[in-house]
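Please look through the sequence and the model shown below before reading on. The paragraphs that follow lead from the open spaces of the structure to its overall fold, and then to single residues.

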Amino acid sequence: MELFTDWHTWQQAEPELRRLLPASTCDAVGDAVTFALRYHCDQKRPTGAPYVEHLLEALEVLVRGARVGDQDVLCAAVLHDVVEDTPCTIAGVRAAFGDRVGDMVGWVTKPDADSGADKKAVKEAYLKRLADAPDDAILVKLADRASNVQTLRNLRLQKQREYYAQTVTYIMPLAASRGWWALWYASWQEAHRDLA
């Protein structure tokens with residue numbers, strides 16, 4: 001299973017991006033990174049790593065793994081958690097990056113659970129709804145989940161099992177007809193079969 005964990009900072013990601021993509025795309029992605037950093041600030045991942053590492057891993061999966069060069073998809077990947085996890089709004093994303101990026105971020109933003117609602121049920125409803133998402137939003141979600149599950153072993157065992165089950169049930173069907181994604185997720189599943 002190929003891992004995409006080399007881009008921890010924009011300074012590490014930018015030189016390779018500039019070799020692989022047009023300057024205008026790199027500039028736009030750099031603006032998205034700056035925007036995301038402004039909102040995510042000092043947030044940490046469950047492992048304690050700076051949150052920006054997750055955003056850059058999703059970007060790395062798209063660029064180095066799936067060979068995606070679509071500027072809006074790459075910007076949306078960097079911004080995919082800014083509405084879910086910070087005070088930023090979809091309107092703020094649209095104003096800064098346009099409707100298409102805003103739409104993708106909207107699709108991959110998990111809704112807040114109402115008071116007293118079953119959080120697990122809300123999350124599963126959100127994951128089921130992704131089957132109706134446009135292709136570009138699905139690419140963002142596949143990259144997001146790939147970042148999260150490639151280092152699944154860093155989480156406590158119960159969380160590993162939950163993520164494994166969700167990924168096999170809801171995410172792998174999204175990857176199934178998408179070439180490289182199908183192969184990557186199949187190799188990931190094989191490496192984590194003990195969690196089934």
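By class, how many nonpolar, polar and charged residues does the lining of the second largest pocket have? The model on which the answer rests is a predicted one, and in it this lining has six nonpolar residues, two polar residues and eleven charged residues. The pocket itself encloses about 380 Å³ of space, and of the 19 residues that line it, K110, K119, K120, K123 and Q166 are the closest to its centre. Three helices, α5, α8 and α10, each supply at least two residues of the lining of this second largest pocket, and the largest share, eight residues, comes from α10.

The largest pocket can be described in the same terms. Its volume is about 520 Å³, and it is lined by 21 residues, of which P46, Y51, K123, N148 and Y163 lie nearest its centre. Here the helices that each supply at least two lining residues are α5 (82-85), α8 (119-129), α9 (135-150) and α10 (157-175), with α9 giving the most, namely four residues. Sorted by class, the lining of the largest pocket consists of six nonpolar, four polar and eleven charged residues. K123 thus appears among the residues nearest the centre of the largest pocket and also among those closest to the centre of the second largest pocket.

From the pockets we turn to the fold that surrounds them. The protein has eleven helices and zero strands, so that, read from the N terminus on, its elements run α-α-α-α-α-α-α-α-α-α-α. Its radius of gyration is 16 Å, close to the 16 Å that the globule rule gives for 196 residues, and the protein is therefore as compact as a globular protein of that length. Along the principal axes, the C-alpha trace spans about 45 × 40 × 35 Å. Of the 196 residues, 48% are buried, and among contacts between residues at least 6 apart in sequence, 66% join residues that are at least 24 apart.

A143 offers a local view of such packing. This alanine has its place in helix α9, the helix that gives the most residues to the lining of the largest pocket, yet A143 is itself buried, with a relative accessible area of 0%. When residues up to four places away in sequence are not counted, A143 touches A58, V61, L62 and W181. The C-alpha atom of A143 is also separated by 7.3 Å from that of A77, although the two residues are 66 residues apart along the chain.

The cysteines remain to be considered. A disulfide is a covalent bond between the sulfur atoms of two cysteines, and a search of the whole structure finds zero disulfides. C41 is in no disulfide, the nearest cysteine sulfur, that of C88, being 11 Å away. Why is C75 without a bond to the closest cysteine sulfur? The sulfur of C75 is 10 Å from that closest sulfur, which belongs to C26, and this is too far for a bond, because a disulfide requires the two sulfur atoms to be within 2.5 Å. The surroundings of these two cysteines can be set side by side: C41 is exposed, with a relative accessible area of 52%, whereas C75 is buried, with a relative accessible area of 2%.

Conventions:
Residues are numbered from 1 along each chain as its sequence is written. This is a predicted model: local features need pLDDT of at least 70, side-chain atom pairs count only at pLDDT 80 or more; totals for chains, interfaces and linings use all residues. Side-chain values use heavy atoms; hydrogens and water are left out. Buried means under 20% relative accessible area, exposed over 50%, partly exposed in between (1.4 Å probe, protein chains only). On a 1 Å grid over the protein atoms alone, a cavity is a set of points where a 1.4 Å probe fits but cannot get out, and a pocket is an open set with protein on both sides within 12 Å along at least five of seven lines; lining residues have an atom within 4 Å of a point. Grid points are joined across faces, edges and corners, and a volume is the space filled by probe spheres set on the points. Ala, Val, Leu, Ile, Met, Phe, Trp, Tyr, Cys and Pro count as nonpolar, Asp, Glu, Lys and Arg as charged, and the others, Gly among them, as polar. The radius of gyration is taken over C-alpha atoms; the globule rule is 2.2 Å times the number of residues to the power 0.38. Contact means heavy atoms within 4.5 Å.
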